[in-house]
Amino acid sequence: MVTATAAQKNFTLEDFMANPPDNMEGVDGQLVEKNGATLKHGKIQSSLGCAWANYMISSKQGGEVYISPPCRTNQQIRRPDVAYLTPELVAQFGNLATLPQSLPVVAEIVSPTDIAEDVFLKAQEYLESNCQEV
């Protein structure tokens, strides 16, 4: 679940992309804190990241697996819990602070406090931004 922080409502897209604040997303023109990071959430995130990295290595497809990387969708700046970036995109964008497009494969870990409609809308947002799988 994401909630707005009162102190940080205004930001420019350029500032955010150049220096993304930790644990924040840019949603509807406001900085919002990405909440819900519990021990269980971290364990799932780490396990999934390791599984994806192991598959990436064993399949020899290359690329990189990231934990909570900032990326730009067509609408917002998001931080998926786990994401995969192809070798071509790593070569093109791997040194940027924020990926200027959606990642090809992302995972969002659903918390008990998340609202189902919000989760589906976020998944739809990724897919509409050329993400291949959520």
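This report looks at a three-stranded sheet and at one buried serine in a predicted model.

## The sheet

Let's start with the strands. The sheet is open and runs in the order S4-S7-S8, with antiparallel pairing. S4 and S8 sit at the edges with a single partner strand each, so each has one side without a neighbour in the sheet. Going from one strand to the next, the twist averages 15°.

As for the pairings themselves, strand S4 (residues 64-67) joins S7 through four antiparallel bridges. S7 also pairs with strand S8 (residues 105-107), again in the antiparallel sense, over three bridges.

## A closer look at S7

Strand S7 covers residues 82-85, with Val82 and Tyr84 pointing one way and Ala83 and Leu85 the other, and all of them are buried. That fits the usual pattern: in a regular strand, side chains alternate between the two faces of the sheet.

Ala83 is a handy residue to follow across the strands. Tyr66 stands opposite Ala83 on one pairing, and Ala83 in turn stands opposite Val106 in S8. Val82, for its part, is the bridge partner of Ile67.

## Ser129

Now over to Ser129, which lies in the segment after helix H4 (116-128). Is Ser129 buried or exposed? Its relative accessible area is 6%, and the cut-off for buried is under 20%, so Ser129 counts as buried.

What does Ser129 touch, leaving aside residues up to four places away in sequence? The contacts are Thr73, Asn74 and Ser102. With Asn74 there is a polar link too: a polar atom of the Ser129 side chain lies 2.8 Å from the backbone nitrogen of Asn74.

Technical notes
Residues are numbered from 1 along each chain as its sequence is written. This is a predicted model: local features need pLDDT of at least 70, side-chain atom pairs count only at pLDDT 80 or more; totals for chains, interfaces and linings use all residues. Side-chain values use heavy atoms; hydrogens and water are left out. Helices (H or I, at least four residues) and strands (E, at least two) are DSSP runs, numbered from the N terminus. Buried means under 20% relative accessible area, exposed over 50%, partly exposed in between (1.4 Å probe, protein chains only). A polar contact is a pair of N or O atoms within 3.5 Å; within protein, one must be able to donate a hydrogen and the other to accept it, and residues adjacent in sequence count only if both atoms are side-chain atoms. Contact means heavy atoms within 4.5 Å. Two strands pair if DSSP finds at least two bridges between them. Axes are lines fitted to C-alpha atoms, for helices over the stretch in contact, and angles run from 0 to 180 degrees between N-to-C directions.
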